[in-house]
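Work through the exercises below with the sequence and the 3D structure in view. Try each task before reading its solution.

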Amino acid sequence: MREWLKSAAVEALYGCLHLFRLCPVRARTVFFSAYAGKRVTCNPEAVCRKLRETYGDKFNIEWCAQDEEARKALEAQGFKAVGFDTLAYFYRILTAKVVVLNDLSGCSYLPFGKKQTVIQTWHGCGLYKKVGHDVPNETAGYHRRLRRIASHIDLFTSGSTTFTETVIRGAFGYTGDVMETGLARNDILLDEAARAAANEKVRAFYGIDDKTPLVLFAPTFRNDGETETMWFEDEAVKAALQRRFPGYKVLVRTHYMAKEASSQTALDVTAYPDMQELLCAADVLVSDYSSCIWDFSLTEKPCFLFAPDLSDYQCERDFYLDIHKWPFPLAETTEELAQQLSQFDLAAYTEAVHEHLSKLGSRERGNAAETLCEFITEHAR
């Protein structure tokens, strides 16, 4: 019954919002939204930054931001900002000439017009956890909404050939144009000078000196919102980390849909606005099934997987590739994690990462934002 009501509500809203299609599409207007306005970040933010940097005030740039402080910050930069699912939001997103998104949530009830160009810069890459139509046990209404969303997208960006084939064409059922130039948010990871600047920025923000090794923990979302965050307090793990990264400090970055971290020994960096800058600053990443492992692999810095709920997650979500064949050392217990840290071979790991990126057909070249901005200039007139 709950799913039936949700589907009925979506259909009713979809029908009502067609009224906005009577409004003229606004030329030179580009509307950005990341994670349905939960954050001003990821690929939309990277593209927006490059658009302003390259073309100045040539375009009217608008954002969706749920947080009032975020809207004020955007307006201070000269952008218009609206809240999510407000009348102003519906008007601006349904009349903007170009719309740039990074996820599919909140799109199934938006009747985009034929004169608009909708760009989907999905917030991940790599063949890791299953998404879209491939997620087990989803409802018929979910799949119906996903098909509608795919029909409204004019361009999908991709970081690899296999992601295009398996996820974009397969899991999302998208049949339109795909731009395989990498993810705009990852350009910074392939720019040595930009990475160094981001490292300094993060450390200055948190008052951490440049000699302290940073261990970033960034787990993905679980349906119950719970994340195992206490592995770094295990004595064997601490000893292994200390041997490998003397004087290290742990940073915890929870998923935007998960509960905040709770630890007295680690620094919670969830509120930091730019995940890619945190990846630039991190000397080592510990994650699980998050797509940030793809991003971090581009830096060739050590990445470890800590997955104590692996069997449960496989039943709940599952993966495209056998997780044991990923290049990142995998541990299901703190004992295994300590062992992986102690036995880590950087040369072998680097070779495995290169092979992984090559096998998946990586298209990350460091110019994704620039290429997408060129596309926007052609379609925003």
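The exercises concern a predicted model and go from the whole chain to single residues.

**Exercise 1.** State how many helices and strands the protein has, and decide how its radius of gyration relates to the globule rule.

Solution. Step one is the count of elements: the protein has 14 helices and 13 strands. Step two is the radius of gyration, which is 21 Å. Step three is the comparison: the globule rule gives 21 Å for 381 residues, so the protein is as compact as a globular protein of that length. As a further description, the C-alpha trace spans about 65 × 45 × 40 Å along its principal axes.

**Exercise 2.** Find what percentage of the residues is buried, and describe the area that the protein exposes.

Solution. Start with the residues: 55% of the 381 count as buried. Then turn to the surface, where about 17,000 Å² is exposed. Carbon and sulfur atoms supply 50% of that area.

**Exercise 3.** Describe the largest nonpolar core and the surroundings of I93.

Solution. First take the size of the largest core, which is 96 residues. Next, list the residues with the most contacts inside this core: I93, L110, L216, W231 and L285. Helix α9 (residues 275-281) gives the largest share of the core, 5 residues. Then look around I93: leaving out residues up to four places away in sequence, I93 touches F31, V99, L101, L110, F112 and Q116. Finally, there is a second, separate core of 29 residues, with V98, A184, A369 and F375 among them.

**Exercise 4.** Decide for H143 and for D57: buried or exposed?

Solution. Begin with H143, which lies in helix α5 (residues 140-152). Its relative accessible area is 17%. Buried means under 20%, so H143 is buried. Not counting neighbours within four places in sequence, H143 is in contact with G132, H133 and E138.

Now take D57, which sits in the loop between α2 (42-55) and β2 (60-64). The relative accessibility of D57 is 66%. Exposed means over 50%, so D57 counts as exposed.

**Exercise 5.** Give the separation of D57 and L278 along the chain and in space.

Solution. Along the chain, D57 and L278 are 221 residues apart. In space, their C-alpha atoms are separated by 29 Å.

**Exercise 6.** Find how far apart the mean positions of the positive and negative charges are.

Solution. Count the charges: there are 44 positive and 53 negative ones. The mean positions of these two sets are 8 Å apart.

Terms used. Residues numbered from 1 in each chain as written. Predicted model: local features only at pLDDT ≥ 70, side-chain atom pairs only at ≥ 80, totals over all residues. Heavy atoms only, no water. Helix = DSSP H or I, 4+ residues; strand = E, 2+ residues; numbered from the N terminus. Rg over C-alpha atoms; globule rule 2.2 N^0.38 Å. Buried < 20%, exposed > 50% of the residue type's maximum accessible area, 1.4 Å probe, protein only. Areas by Shrake-Rupley, 256 points an atom, 1.4 Å probe, with all protein chains shown as cover. Lys, Arg positive; Asp, Glu negative; His and termini not counted. Charge placed at Lys NZ, Arg CZ, Asp CG, Glu CD. Core = buried A, V, L, I, M, F, W, Y, C linked by side-chain atoms within 4.5 Å. Contact = heavy atoms within 4.5 Å.
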